Amino acid sequence: QVQLVESGGGLVQAGGSLRLSCAASGRTFSSYAMGWFRQAPGKEREFVSTINWIGTRTRYADSVKGRFTISRDNAKNTVYLQMNSLKPEDTAVYYCAASTSATWTRVDYWGQGTQVTVSS
C-alpha cells in the first residue's frame, strides 16, 4: 500500500512559479513510475508529466513542455513538479499518481490533489 500526499499548490499570478511535492509512504517508492495529472473545473483529468522509477525518463504533455519539470528523490520518497511561466489555463487540481506499469496502462495509487490557481 502506498499513500501519496501532495503539497505546494496555491494562488500565483500569470508568469509565476510553483513547485509541487508529492510525498509517498512505504518502502517501495522506487519501484513505481510517478506522475502528475490535473483536472480543471468541468473537464476530465488529463496527463501532465511522468517519470520512470529511476528518474532517467520523463514525459510531458505538449501544453506544459518547456515550462514544467518533473523530478524525483527516491531517498526522500518524493516526486516534484516545478512549474514555471504559469498560465491561467494551468489552473486545476493537480494529482500525484503512482504506477507499476511503465506505459501507464493503469494507475495504482492517487493522491488527494492540490489546487493550483493562476490569476491573469
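How many salt bridges does the structure hold? The structure holds five. This is a predicted model. One disulfide is also present, and the largest nonpolar core has 28 residues. Arginine 38 in strand β4 recurs below, with a salt bridge to aspartate 90 and polar contacts to glutamate 46 and tyrosine 94.

**Arginine 38 and its surroundings**

- Arginine 38 sits in strand β4, which spans residues 33–39.
- Is arginine 38 buried or exposed? Its relative accessibility is 5%, so arginine 38 counts as buried, the cut-off being under 20%.
- Two polar contacts run from side chain to side chain: arginine 38 reaches glutamate 46 at 2.7 Å and tyrosine 94 at 2.9 Å.
- Neighbours within four places in sequence aside, arginine 38 touches residues including Glu44, Arg45, Glu46 and Val48.
- Further contacts of arginine 38 include Ser63, Val64 and Phe68.
- Glu89, Asp90, Ala92, Val93 and Tyr94 are also among the residues in contact with arginine 38.

**The salt bridge of arginine 38 and aspartate 90**

- Which residue forms a salt bridge with arginine 38, with closest N and O atoms 3.0 Å apart? The partner is aspartate 90.
- Arginine 38 belongs to β4 and aspartate 90 to the loop between β8 and β9, so this pair ties together parts 52 residues apart in sequence.
- Both partners are buried: aspartate 90 has a relative accessible area of 1%, and arginine 38 has a relative accessibility of 5%.

**Other salt bridges and the network**

- Aspartate 62 pairs with lysine 65 in a salt bridge, with 3.1 Å between the closest N and O atoms.
- Aspartate 62 is exposed because its relative accessible area, 68%, is over 50%.
- Aspartate 108 forms a salt bridge with arginine 106, and here the closest N and O atoms are 3.2 Å apart.
- Both residues of that pair are partly exposed: aspartate 108 has 30% relative accessibility, and arginine 106 has 42%.
- Salt bridges with shared partners link Arg38, Glu46, Arg67 and Asp90 into one network.

**The disulfide**

- Which cysteines form the disulfide? Cysteine 22 and cysteine 96 do, with their sulfur atoms 2.1 Å apart.
- Cysteine 22 lies in strand β3 (residues 18–24) and cysteine 96 in strand β9 (residues 92–99), so the link ties together parts that are 74 residues apart in sequence.
- The angle about the S-S bond is -80°, and the link of cysteine 22 and cysteine 96 is left-handed.
- Both cysteines are buried: cysteine 22 has 0% relative accessibility, and cysteine 96 has a relative accessible area of 0%.

**The largest nonpolar core**

- This core has 28 residues.
- Which residues have the most contacts inside the core? They are Leu4, Met34, Trp36, Val79, Leu81, Met83 and Tyr94.
- Strands β3, β4 and β9 each supply at least two residues of this core.
- The strands β5 (46–51), β7 (68–73), β8 (78–83) and β11 (114–119) also supply at least two residues each.
- Tyr94 also appears in the arginine 38 group: its side chain makes a polar contact with the side chain of arginine 38.
- In soluble globular proteins, nonpolar side chains tend to be buried together.

Technical notes
Residues numbered from 1 in each chain as written. Predicted model: local features only at pLDDT ≥ 70, side-chain atom pairs only at ≥ 80, totals over all residues. Heavy atoms only, no water. Helix = DSSP H or I, 4+ residues; strand = E, 2+ residues; numbered from the N terminus. Buried < 20%, exposed > 50% of the residue type's maximum accessible area, 1.4 Å probe, protein only. Polar contact = N/O pair within 3.5 Å; in protein donor to acceptor, adjacent residues only side chain to side chain. Contact = heavy atoms within 4.5 Å. Disulfide = S-S within 2.5 Å. Core = buried A, V, L, I, M, F, W, Y, C linked by side-chain atoms within 4.5 Å. Salt bridge = Lys/Arg side-chain N within 4 Å of Asp/Glu carboxyl O.
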